[in-house]
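Biologist: Please take a close look at one helix and what packs around it, and then follow the connections outwards into the rest of the protein. I would like the cut-offs behind each term as you go.

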Amino acid sequence: MTDPHRFVRTSGRLMAAIWLMMSLCCLLPPDVLAANAILNIRHWVAPDHTRIVIDTCERTRYQMVKKGQVLSLYFRNCEVQESIPNSILLNKKGIEKIQHESVGKYRHKVDFFLDKKVKTRVFNLKRVKDKPYRIVIDIEFPDVEKKELEERAEARQQQRDRIIVIDPGHGGDDPGAIGQGGTYEKDVVLEISRKLRTHLNQQPGYRAFLTRDGDYYVPFKKRLKIAREYGAAMFISIHADAAANRDARGSSVYCLSVDGASSAAARILANKENLADMVGGSPNGDSHEASDPIILNMCQTNTRNMSKNFGTLVLNHLERVGHVKFKAVQEAQLRVLKLPEIPSVLVETAYISNMEEEEWLKDPVFQSRIAETVGNAILEFEPSLPLTPPASPAVLVRHEQGAGAGKKGVAVAASSAPRPSSGKAKGPSSSSVQFHRVKRGETLLKIALRYEMSLSELARLNSMGISDPLLAGKRLKIAQSVTSETSEETGKREIKKSSLSQISEPEGQGSVFHKIKRGETLATIARRYRTTPDNLLKLNGRTWKDPLYAGNRIKVKDDGHGDGVPDGGSADRAVKIAKNRDSLRGASSTSSYEVRRGDSLGSIAREHRTTVGELCRLNSMKIGDALLAGTTIKIPETAVVAESQEERTVPAAEATSTRRKATGHITYRVKRGDTLDTIARKHKTPLNVLLSLNKMKLNDPLYANQSLKLPRESSFF
Ligand SMILES: [Zn+2]
């Protein structure tokens, strides 16, 4: 250090490092540029950071110095636009004011007066679309970030509700698409998302959260992280479409594709939406991290099918609100949907570039309709949706099997932390942990597959990222089996939970196995075997996040334990919860149903309490296939036996006769925000009965104060 010039000669990079250490300065980028100008200084406020953006004409070189609570950026060869005042009083969280002054010839200094306890991050953004070169100064609040993290963990651990994470697209410096009338996509999608959150939060058993709740940009990575931290059962990204063709209109639904886009239009859309990180400003927004094949592989059958089935349901519901652009779910490589373990869709609600639809998008009534439509699709999809997964994931470990032929492989079900019974605090639980020593050449995926865990689970268990480097010799946690729990009343109490899964049990003992076919989901398999997805998970010692692989076998029935449900403390409780929640039990035989005008797969599925996927399977149809009035399709017989108090058992045949018997009606006055769907639901009347009674079609508009006939007695469900 005594002779810094020696270092200069040795290595420029080293010199820079030393310079950085000594003076807290840094130089970016190294090339010297001609005269430059600061065009504008703007700011955005998020809960966990305040962002200052400096627009410049050219790529900008600056020196950064931090003295106490003042951060200064020095610019050379740079002027400041006259319209920018010398002192900007912000008084926003983390920053009081910004001042700038010239310091010598062609040198300019911008000072940021910061609060205590903030972290700063400064980075450059390239030109993109209509954005100039930008320097971003993020003033971050670690205490808020920590609190947010804790809140998410808490929501996740409560495990009482299905958690839906809603992602309003764009935000902050990224307005998204802009309508001819000047409407910003980021604003309308935030409104729709907030309404969807409200709608879902009004439903028992649901909690909804937003990835952003204000006008600021959230990078893709963080949006996905938020969904994971909440342990979301579903992730829905809300957007508005745009096209050069001003006539383009209608909504569409996208899910993640692993191998290219389903159409040219889908590819264009993905390219456009994927720009958000660069426009909105993410430090690594332009680094095109290669599509990680492991991550994409992990988007396994179950999640993908669930996303697609759910997307189809959303489309079916959207059809009732307005025009749908594509009748089938589109697939594209959308970065915001890269959630291998969480069913995720992106909804393009309408075309903001179409003048009429732009007006709709601004209209709170339309916003509510879209929100309720998507929300109702979630409610209809509920039987396939898992409850929020446990915080410490349940994993299944199969030890290497002994060579002896008759020797059973030892299956250890590592149960999750037990669900706390309502109102009782959960005490600490002791756990026994098993490890795997990483060998040369092993990947996380390989290890996950070996222990029949999902990659994300393995990563989470070891507090590492899916793509973190894996060094030989590292000890990886591969199972965590909880052996005791403490309850407030009884103190320590031992509960054995090892009987949850014995996957290597011989088949001769009455257990029934099912070979998973392509396109099947836990829900369809559960229905087929008259059980619930939760039961299947219990039976196989899996968590709902574990991917289903076509060709694999899962246990669907375990005669030794009656209903396929093992006995035992927490298992019992969990099953009870499962029973209360998933009160569906399907039958394997079918009956037929004549398609009526206005029917969609979604409406039929809904009416018969089955899923679109199941209808498709039964009728060898594809989602999006035309449904002609007058044709007959198969529906699962006695589609449902409902077990909750207000839901009585109604076999399909009986329901039909009830429907015929229903005579006489009452009048209902339509309220603002009502949809045919919500009215039907509220009055427990099948939608088609409501339609036929009022001689309406599904897409007919509904006006506030309009009179609707409703059956006098709602004896349908
Ligand atoms: Zn968008």
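Modeller: Happy to, and one definition has to come first: a residue counts as buried under 20% relative accessible area, as exposed over 50%, and as partly exposed in between, using a 1.4 Å probe and protein chains only. By that rule, 53% of the 717 residues in the protein are buried. Please keep in mind that this is a predicted model, where local features need pLDDT of at least 70, side-chain atom pairs count only at pLDDT 80 or more, and totals for chains, interfaces and linings use all residues. Residues are numbered from 1 along each chain as its sequence is written, and side-chain values use heavy atoms, with hydrogens and water left out.

The protein has 21 helices and 28 strands, taken as DSSP runs numbered from the N terminus (H or I over at least four residues for a helix, E over at least two for a strand). With contact meaning heavy atoms within 4.5 Å, 72% of the contacts between residues at least 6 apart in sequence join residues at least 24 apart.

The part I have picked is helix α5, residues 220-230. Its buried residues are F220, R223, L224, I226, A227, E229 and Y230. Which elements do the buried residues of α5 pack against? They meet the helices α3 (142-158), α6 (264-274) and α7 (276-280), together with the strands β11 (162-168), β12 (206-210) and β13 (234-241). R223 also appears in a cation-ring arrangement: its charged end sits over the ring of Y217, 5.2 Å from the centre. The test there is that NZ of Lys or CZ of Arg is within 6 Å of the ring centre and within 35 degrees of the ring normal. Elsewhere, R475 lies over the face of F435, 3.8 Å from that ring centre. After α5 comes G231, with a positive phi near 65 degrees.

Now for the helix partner. Two packed helices are described by the angle between their axes and the distance between the axes. For α3 and α5, the axes are 7 Å apart and the packing angle is about 45 degrees. The axes are lines fitted to C-alpha atoms, for helices over the stretch in contact, and angles run from 0 to 180 degrees between N-to-C directions. Angles under 35 degrees count as roughly parallel, over 145 as roughly antiparallel, 65 to 115 as roughly perpendicular, and the rest as oblique. The two helices, α3 and α5, are therefore oblique to each other. On the α3 side the contacts come from E148, L149, R152, A153, A155 and R156, which meet K222, K225, I226, R228, E229 and Y230 of α5.

Strand β11, one of the partners of α5, leads us onward, since H170 sits in the loop between β11 and α4. Most residues other than glycine have a negative phi, and most peptide bonds are trans. H170 has a positive phi of about 60 degrees although it is not a glycine. Is H170 buried or exposed? H170 is buried, with a relative accessible area of 6%. N77 is also a non-glycine with a positive phi, of about 50 degrees; it lies in the loop between β4 and β5 (78-80) and is partly exposed at 31% relative accessible area.

Beyond H170 we reach α4 (185-201), whose axis comes within 8 Å of that of α11 (364-381), crossing at roughly 50 degrees. That makes α4 oblique to α11. The residues of α4 in this contact include V188, I192 and L196, and those of α11 include I370, V374 and I378.

To finish, a glance at the aromatic rings. A search of the whole structure finds four aromatic pairs, counting rings of Phe, Tyr and Trp (its six-membered ring) with centres within 6.5 Å; planes under 30 degrees apart are stacked, over 60 edge-to-face, and the rest tilted. One of them is the tilted pair of Y62 and F75, with 6.2 Å between centres and 55 degrees between planes. Y62 belongs to strand β3 (62-67) and F75 to strand β4 (70-76), so this pair ties together parts 13 residues apart in sequence. Both Y62 and F75 are buried.
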